[in-house]
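Dear colleague,

I am handing over a structure for you to look at alongside this message. Please open it first, and then read the notes below it.

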Amino acid sequence: LADCRHWMEHLRRQRPFALSEAEERLDNQKNLAGRDAFGRLFDEITSSFRFRMTVDGAERELTGEEILALLYEPDPELRARAHAVFLGRHAENGLVLANVLNALLYDHRIECELRGFPDVVTPTHLENEVRPQTVEAMMTATERHYPLAQDYYRLKADLLGLPRLRTSDVYAPLEATPQRVPFDDARALV
């Protein structure tokens, strides 16, 4: 049983919020057409997005991963265009994506009420095996150190020669030409 100790302790912490067996079965069935379906819908919609953009003088159709990779490029205008195209495509589908988010949030709230959680973040804390006080202390420390992050972004803007760092510049390389590692060399490194 020692091998199962962690799992059993996790189950024990979840026990006060468990429903009856019949209610748990019903909840699982409901989720197939509810929360799980909305999660799949979001994934299917956003993974089907294609982004048309001119890169290196050629019109290209990019996947989400490919356009996000452009945020790491040295050219600030390329980064800004990639960022705008990415957000624009999502904005075109804003009504559907917002409704998916709202449905998921509403479902989560109802689930929390049915299970008797004191608030909507308790299930996350239980899953992550962290006490609410620990999260609160981390949030307080993070907020207290906002000036440190602001200093970093001001410094990065200076190093990039920009008056102010835009969202599209957050991942910009500090080197003018980032090092490209051929696949075989990269594979040899790992």
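What follows describes how two helices pack and which salt bridges lie around them.

This is a predicted model, in which local features need pLDDT of at least 70 and side-chain atom pairs count only at pLDDT 80 or more, while totals for chains, interfaces and linings use all residues. Residues are numbered from 1 along each chain as its sequence is written, and side-chain values use heavy atoms, leaving out hydrogens and water.

Helix α3 (residues 35–48) and helix α6 (residues 94–115) pack with their axes 10 Å apart, at an angle of about 155° (helices are DSSP runs of H or I, at least four residues, numbered from the N terminus; axes are lines fitted to C-alpha atoms over the stretch in contact, and angles run from 0 to 180 degrees between N-to-C directions). That makes α3 roughly antiparallel to α6, a word used for angles over 145 degrees. Among the residues that make the contact (heavy atoms within 4.5 Å) are R35 and F38 of α3 and D107 and E111 of α6.

R35 and E111 also meet through their side chains in a salt bridge (3.9 Å, N to O), that is, a side-chain nitrogen of Lys or Arg within 4 Å of a carboxyl oxygen of Asp or Glu. E111 is buried, with a relative accessible area of 9%, whereas R35 is partly exposed at 29% (buried means under 20%, exposed over 50%, partly exposed in between, with a 1.4 Å probe and protein chains only). Both belong to a network of salt bridges that links E24, D27, K30, R35, D107, E111 and R115.

Best wishes

Technical notes:
Helix = DSSP H or I, 4+ residues; strand = E, 2+ residues; numbered from the N terminus. Parallel < 35°, antiparallel > 145°, perpendicular 65-115°, else oblique.
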